Amino acid sequence: MSRIRLLDDHLISQIAAGEVVERPASVVKEAMENSIDAGATRIDLDLEGGGKVWISLRDDGSGMDVEDAQRAFQRHATSKIETFADLENVGTLGFRGEALASIASVSKTRLVTATAPGEGFLVEIEGGEILRKEPTASPVGTRLEVRSLFFNVPARREFLKRDATEMRRCLEVVQGYALAHPEISFRVRHEGKEVLDAPRSGSDAAAYLERIAQLFGSELASKLTEIRGSSMVGGFVGAPETSKGRKSSVFVNGRLLKDRRLLSVFYRCVRNEWKTDRFPSLFLYLAVPEESVDVNVHPQKAEVRFRDEAIFGTVYNALRRALQEARGEVPAPLAEVQPLQDDGVRPRWQGLGASSTRPSHMLDDLMPSVSGASEAPPRQQGLAEVSYREPARTPVPLSGNRKGRQSLRLVGQYKGSLILLEAPDALLIVDQHVAHERILYDQFLGALEGRPVESQTLVEPVLLEVGIAGSALLEDQAETLDRLGFGISVLSAGTVALSKLPARLRVEDAAEVLRDLASRLKDDGAEVLGRQLVDELAASMACRSAVKIHHPLHQDEMERLISDLFDSENPWSCPHGRPIILRREDIDFERQFKRR
């Protein structure tokens with residue numbers, strides 16, 4: 001007997017469904033692509049149970065006639081390609097013709113569609129089997145309802161997450177296509193509650209910026225700089241402060257992608273221009289000829305391949321100019337070059353203690369070279385920027401014997417930022433900010449793990465724009481946050497009211513803690529709260545509350561800080577892994593001063 005056999009159509013459909021339909025968000029993605037391809041100007045999505053129980057997507061697109069409505073559920077049925085040449089010039093979001101067949105094979109599906117008012121057609125399918133097909137009254141457009149996803153594949157259903165998690169993933173899909181199509185109105189309801197409403201506008205840069213504000217708040221939109229300089233590359237890049245809660249979306253011809261190569265160009269550009277790994281928000285839109293991009297290289301169409309890789313250089317140059325503008329940098333005007341006149345008069349150097357008797361080569365060492373000026377890293381706040389009056393202090397011995405530690409002598413504070421300690425055989429340099437951060441982290445962690453958190457109630461709640469997904473995340477964790485000292489309530493999609501906060505935090509710091517938390521909590525992290533959420537909150541609260549650099553401390557404040565630091569379980573590194581103490585041995589100084 002032959003060991004190789006042909007699979008039946010039902011099993012083939014379920015295998016194909018495994019490639020196309022992973023979760024409710026996959027259904028939303030496929031249905032939404034069909035709606036956009038059909039020319040819809042309005043798309044309404046209703047969900048129950050995060051989409052596991054019910055998904056309903058309605059559009060006002062062109063609809064389908066009776067024959068197409070039935071044929072659409074056959075495998076590899078599509079109106080978007082016919083020949084191999086069409087596959088090389090795909091201009092639509094969907095084109096493989098697997099979506100509806102795959103969805104219908106693992107759910108209870110109902111399709112109502114019409115190409116003329118009142119002249120609709122209904123198709124009902126359960127587990128791939130057609131139960132009913134008949135004419136029905138319907139407005140122009142299509143309505144797809146999907147119930148009981150994976151009802152006939154229970155093993156697949158068990159892998160789905162909680163309702164709130166699946167709903168957020170559906171929202172992310174809608175947000176992606178809403179960002180790409182501001183000319184379309186999008187509305188989402190979950191369990192009858194509206195969670196997204198993005199009215200349509202135009203298709204110019206202002207319309208795209210307005211759509212970003214609709215989805216993520218006007219505060220983020222106000223910190224974006226337009227990407228210009230190429231007819232193929234557009235979008236917006238954020239100011240440095242948008243690296244917290246960063247939003248990154250990349251589109252090619254209206255298709256939402258997770259293209260690693262395009263993102264790597266962005267990361268490289270930020271590192272080169274800003275000398276940092278703190279990447280700002282990015283909304284990148286590429287419009288390229290259809291024949292120049294292959295959209296059929298990824299199973300979920302999440303990546304593309306460009307036939308001309310010069311596009312990456314074009315993207316880099318456009319991003320570079322936008323990043324410079326986002327940091328407030330503008331090209332310096334070219335100064336007129338004056339001819340050198342040897343009249344025996346030499347320039348008088350200002351600053352650096354230079355004088356006419358100073359050797360010229362020493363000045364060259366101190367002054368930056370012209371050739372290297374363009375390669376210098378962006379100027380950042382440094383320790384040398386002293387802007388305070390140093391308090392008077394007299395060094396006194398510290399009681400450093402507890403837990404067997406050596407006695408230390410407080411030398412003083414350097415630049416209002418570093419605390420210097422004299423050990424018997426070394427100089428210890430303590431970063432006061434991360435030292436205080438470690439102390440507060442230990443205190444917060446103890447409070448968050450059981451002891452009650454002292455809180456303060458605000459007279460007037462503070463409104464925070466955290467985005468639609470962010471507000472859903474925080475609402476999902478409202479009870480836990482209340483135990484940790486935060487009182488929140490969701491006013492509308494994307495806006496949260498802060499009414500109570502931990503007593504140690506300032507209002508603005510508490511607001512930033514919640515924004516950070518909303519952006520950093522991932523789907524799985526939100527479910528496995530426990531230690532992870534506690535650590536996230538404790539570390540964020542400690543960082544916000546800790547004394548900053550360039551902040552002068554009196555002697556008793558330094559003594560208390562050092563004493564508390566060495567009482568902590570780990571005085572050597574902060575919660576984020578940065579070192580707290582640098583140790584410089586006496587022998588190192590002796591070698592550098594040629595005493596050894």
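**Exercise 1. Determine which exposed residues lie on the face of helix 19 turned away from its buried side, and describe the buried side.**

Step 1. The outward face of helix 19 carries Asp-556 and Arg-560, which are exposed; exposed means over 50% relative accessible area, buried under 20%, and partly exposed in between, with a 1.4 Å probe and protein chains only. The model is predicted: local features need pLDDT of at least 70, side-chain atom pairs count only at pLDDT 80 or more, and totals for chains, interfaces and linings use all residues. Residues are numbered from 1 along each chain as its sequence is written, and side-chain values use heavy atoms, with hydrogens and water left out.

Step 2. The buried residues of helix 19 are Gln-555, Met-558, Leu-561, Ile-562, Leu-565 and Phe-566. Helices (H or I, at least four residues) and strands (E, at least two) are DSSP runs, numbered from the N terminus.

Step 3. Viewed down the axis of helix 19, the buried residues fall within an arc of 130°, so they line one face. The arc is that of the directions from the helix axis to the C-beta atoms. An α-helix has 3.6 residues a turn, so residues three or four places apart point the same way.

Step 4. The 13 residues of helix 19 (residues 555-567) should span 18 Å at 1.5 Å a residue, and the end C-alpha atoms are indeed 18 Å apart. The expected span is 1.5 Å times one less than the number of residues.

**Exercise 2. Establish whether Arg-438 is buried or exposed, and list what it touches.**

Step 1. Arg-438 belongs to helix 13 (residues 432-448).

Step 2. Its relative accessibility is 9%, so Arg-438 counts as buried.

Step 3. Leaving aside residues up to four places away in sequence, Arg-438 touches Leu-565, Ser-568, Asn-570, Ser-573, Cys-574, Pro-575 and Ile-580. Contact means heavy atoms within 4.5 Å. One of these partners, Leu-565, is also among the buried residues of helix 19.

**Exercise 3. Describe the open sheet of five strands and the helix that packs on it.**

Step 1. The strand order is 9-10-13-11-12, with mixed pairing; two strands pair if DSSP finds at least two bridges between them.

Step 2. Strand 9 (224-226) and strand 12 (255-257) are the edge strands, each pairing on one side only.

Step 3. From one strand to the next, the twist averages 20°. Axes are lines fitted to C-alpha atoms, for helices over the stretch in contact, and angles run from 0 to 180 degrees between N-to-C directions.

Step 4. Strand 10 (residues 233-238) and strand 13 (residues 282-286) run antiparallel and are joined by five bridges. Gly-234 has Tyr-285 in strand 13 as its bridge partner.

Step 5. Helix 8 (residues 205-216) packs on this sheet and touches strand 9, strand 10 and strand 13; its direction makes about 40° with that of strand 10.

**Exercise 4. Find the elements against which the buried residues of helix 10 pack.**

Step 1. Among the buried residues of helix 10 are Leu-262, Val-265, Phe-266 and Trp-274.

Step 2. Seen down the axis, the buried residues of helix 10 fall within an arc of 150°, so they line one face.

Step 3. These residues pack against strand 10, strand 11 (248-252), strand 13, strand 15 (305-306) and helix 11 (310-326).

Step 4. Just after helix 10, Lys-275 takes a positive phi of about 55°.
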